[in-house]
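User: Please take a close look at one part of this model, the place where two helices pack side by side late in the chain, and then set that part against other local features elsewhere. I would like one connected account that I can follow with the structure open.

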Amino acid sequence: MARKVLTGIPVSSGIAIGKAFFMNRRLYGSIPRQSIAAHLVPGEQARLCQALAQAADELETARAQVPAELREHSLIIDSHATIMRDPKLRDSACGFIERMRINAEWALLKAVKDLEDKFAAIEDEYIRQRIQDVRLVADRVQSKLMGLARELREIEGRIILMAHDLAPADTVGLEVDKIMAFTTAEGGKTSHTGILARSLQIPSLVGVQELEDEVRDGQLVIIDALKGRILVEPGEDEILEYSLLQNQFELYQKAIIRNCHLPAETIDGYRVQVLANIELFEEVAAVQDLGGEGVGLYRTEYSYMNRMALPDEEELTREYVGLASSLAPGKVVFRTLDLGADKVVSQLGAIDERNPALGLRSIRFCLQHKELFKAQIRAILRASVAGNVAMMYPMISGLRELREANKVLNIARHELRAEGVPFNEEMPVGIMVELPSAVMTAELLAKETDFFSIGTNDLIQYSLGIDRTNKNVSYLYQPLHPAILRSIKHVVDAAHQSGIEVSLCGEVAADPFCVPILMGMQIDSLSMNPQAIPGIKRIIRQTTMAECKDLLRRVLECRTVNKINKLVMDTIFQRFPEELTFFSSLIESEDLI
């Protein structure tokens with residue numbers, strides 16, 4: 001039996017068995033905390049500024065050395081260099097030095113803690129996790145202040161790379177062919193480590209508690225990135241068990257990837273598009289390699305984060321044109337800014353709200369900052385000349401918001417025509433359906449938009465009145481709740497009655513228990529994490545529309561979540577036993593009322 005079993009967040013599936021190799025460990029336990037005399041304050045502030053400059057120069061050097069297979073990661077290195085040059089972080093730390101008369105290391109620690117408190121209040125998980133970029137930057141500066149080297153030790157043989165966290169610049173010089181898996185103590189699903197691991201298609205766990213306390217260099221470990229576990233010093237029986245599982249998974253992966261470029265078409269000829277959800281250009285390669293037919297959701301927020309100035313239209317246009325060109329002829333759907341008062345956009349000023357999730361966010365935020373909104377719309381329109389671009393507004397609650405957003409769109413179109421700037425006059429413009437009010441007025445909204453995209457992550461939370469990140473009520477997050485299923489079906493039916501297509505882009509789209517039900521509703525497209533695409537396409541290709549409609553009929557006859565979950569689990573387990581060995585699901589097996 002393993003000496004210790006650690007848990008973490010799986011961000012790239014797979015099994016790995018090998019020896020641990022730590023690239024770095026946390027610094028905070030060893031950071032000196034000292035009081036200083038008043039006359040030493042200017043010198044300490046100068047030392048901090050010098051460390052920031054040295055760290056920024058180091059990033060510039062690293063950026064120039066990014067290997068070809070990781071070239072896209074230079075964008076994240078750029079964002080880290082921008083954080084280092086941002087006067088806000090520097091001024092905050094220098095202020096602590098002056099007011100509290102403390103050393104630079106301690107002051108920087110306190111400045112980062114202030115930012116952590118602000119980010120902790122952010123409702124959106126993706127934006128909340130961007131604090132990790134600030135921590136990575138601070139770690140690099142702390143290393144300079146403390147005179148610590150960050151050079152990568154030479155790797156001998158194949159290893160499982162472990163770290164407190166991995167910054168993009170830290171991956172420069174990595175011998176990727178020697179790395180069997182990544183694990184870090186910090187990070188979340190959208191962290192750089194996860195994106196890197198998915199692009200290299202190797203197992204990865206992040207946010208592993210006790211990693212640095214329980215694992216030592218050279219120890220044998222098993223990385224289970226299917227269930228989110230690390231077995232430290234496993235027993236012989238566990239090694240044998242996981243060796244067999246690893247072999248089965250690799251064979252399964254080869255089988256689904258071999259056919260991942262085939263269309264997602266049922267045995268009886270019903271075709272559905274399978275698209276990807278991404279937030280960075282660097283994920284395009286994974287979309288194409290794993291059989292994605294395009295991007296059904298491009299989250300545009302990253303371009304606005306961790307920088308001193310907001311991106312202008314020209315910068316956004318270059319980004320969007322590059323993305324559309326790389327994906328052509330596959331389509332790309334740009335979601336307009338899903339920012340809000342709870343998301344740190346310091347250039348526009350912070351707004352204190354008691355409940356940011358129900359406050360000034362998404363389309364409401366954009367309509368309060370119309371010049372910002374228009375600049376992004378102009379950039380998307382300019383990218384639309386590629387012929388494969390669509391745009392959608394998030395969090396639309398009714399016709400008023402849709403019409404207000406379209407007024408800004410029409411102004412942008414008029415300006416571009418007057419300037420002689422080409423764009424696609426027929427670019428599709430849709431909305432995300434993620435609020436109960438949008439569900440109830442779907443028939444009205446469908447008459448004034450080109451397509452629907454159902455965002456089930458928010459729809460489930462708003463409909464059931466729960467926060468899935470709150471452990472006290474997370475058990476109530478039930479994708480197959482009768483209210484959710486009826487809501488989705490109502491939206492699909494309303495869309496089709498008006499002759500428009502409907503997509504679904506929440507985590508439900510990648511859940512093997514939910515996909516056959518969605519197929520039964522005759523959904524037009526599913527958009528998901530790129531890594532889930534091959535397996536979902538294989539499930540679709542092995543079923544029939546008649547089976548899916550029959551399952552939907554039986555599900556809609558059930559009155560409770562418990563009965564629906566049991567019916568679906570029994571049916572899908574019998575139908576796709578191999579797939580379910582390697583898939584995670586949002587469906588709970590416990591009895592629920």
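Analyst: Helix 21 and helix 22 run roughly antiparallel to each other, because their axes cross at roughly 160° and angles over 145 degrees count as roughly antiparallel. This is a predicted model, and what follows should be read with that in mind. Helix 21 covers residues 545–557 and helix 22 covers residues 561–575, and their axes come within 10 Å. The crossing of this pair is right-handed. On the side of helix 21, the residues that meet the partner are Glu-547, Leu-551, Arg-554 and Val-555, while helix 22 contributes Ile-564, Leu-567, Val-568, Thr-571, Ile-572 and Arg-575. Sorted by class, the residues of this contact are six nonpolar, one polar and three charged.

A second helix pair gives a useful comparison. The axes of helix 13 (residues 370–383) and helix 14 (residues 399–419) come within 9 Å and cross at roughly 60°, and these two helices are therefore oblique to each other. Here too the crossing is described as right-handed. The contact draws on Lys-370, Phe-373, Lys-374, Ile-377, Arg-378, Leu-381 and Arg-382 from helix 13, and on the helix 14 side its residues include Glu-404, Ala-405, Val-408, Leu-409 and Ile-411. In the contact of helix 13 with helix 14, nine residues are nonpolar, none is polar and eight are charged.

Just ahead of helix 14, in the loop that follows strand 12 (389–393), sits Met-395. Its phi is near 55°, a positive value in a residue that is not glycine. Met-395 is buried, because its relative accessible area is 1% and buried means under 20%. Glu-233 also has a positive phi, in this case near 50°, and is likewise a residue other than glycine. Glu-233 belongs to the loop between strand 8 (229–232) and helix 9 (236–258), and with a relative accessibility of 35% it counts as partly exposed. As background to these two residues, most residues other than glycine have a negative phi, and most peptide bonds are trans. A backbone feature of the other kind occurs at the peptide bond from Ala-328 to Pro-329, which is cis with omega near 5°. Pro-329 lies in the loop that joins helix 11 (313–327) to strand 11 (331–335).

Two further positions show how parts of the chain that are apart in sequence come together. Ala-442 lies in helix 16, which spans residues 442–446, and Ala-442 is buried with a relative accessible area of 0%. Its C-alpha atom is 6.0 Å from that of Ala-494, although the two residues are 52 positions apart in sequence. Setting aside residues up to four places away in sequence, Ala-442 touches Phe-452, His-490 and Val-491 as well as Ala-494. Lys-178, by contrast, is found in the loop between strand 4 (159–163) and strand 5 (179–184), and Lys-178 is partly exposed, with a relative accessible area of 21%. The C-alpha atoms of Lys-178 and Ile-155 are separated by 7.5 Å, with their positions 23 residues apart along the chain. Beyond its neighbours within four places in sequence, Lys-178 is in contact with Ile-155, Gly-157, Arg-158 and Ile-159.

For a biochemist the cysteines also deserve a word. A search of the whole structure finds zero disulfides. Cys-49 is in no disulfide, and the cysteine sulfur nearest to it, that of Cys-94, is 4.3 Å away; this pair does not count as a disulfide because the cut-off is 2.5 Å. Cys-49 is partly exposed at 32% relative accessible area, whereas Cys-94 is buried at 12%.

These local views belong to a chain with 23 helices and 16 strands. Buried residues make up 56% of its 593 residues. Among the contacts in the chain with a separation of 6 or more, 71% come from residues 24 or more positions apart.

Note on methods
Residues are numbered from 1 along each chain as its sequence is written. This is a predicted model: local features need pLDDT of at least 70, side-chain atom pairs count only at pLDDT 80 or more; totals for chains, interfaces and linings use all residues. Side-chain values use heavy atoms; hydrogens and water are left out. Buried means under 20% relative accessible area, exposed over 50%, partly exposed in between (1.4 Å probe, protein chains only). Axes are lines fitted to C-alpha atoms, for helices over the stretch in contact, and angles run from 0 to 180 degrees between N-to-C directions. Helices (H or I, at least four residues) and strands (E, at least two) are DSSP runs, numbered from the N terminus. Angles under 35 degrees count as roughly parallel, over 145 as roughly antiparallel, 65 to 115 as roughly perpendicular and the rest as oblique. A crossing is left-handed if the near helix is turned anticlockwise from the far one by less than a right angle, and right-handed if clockwise. Contact means heavy atoms within 4.5 Å. Ala, Val, Leu, Ile, Met, Phe, Trp, Tyr, Cys and Pro count as nonpolar, Asp, Glu, Lys and Arg as charged, and the others, Gly among them, as polar.
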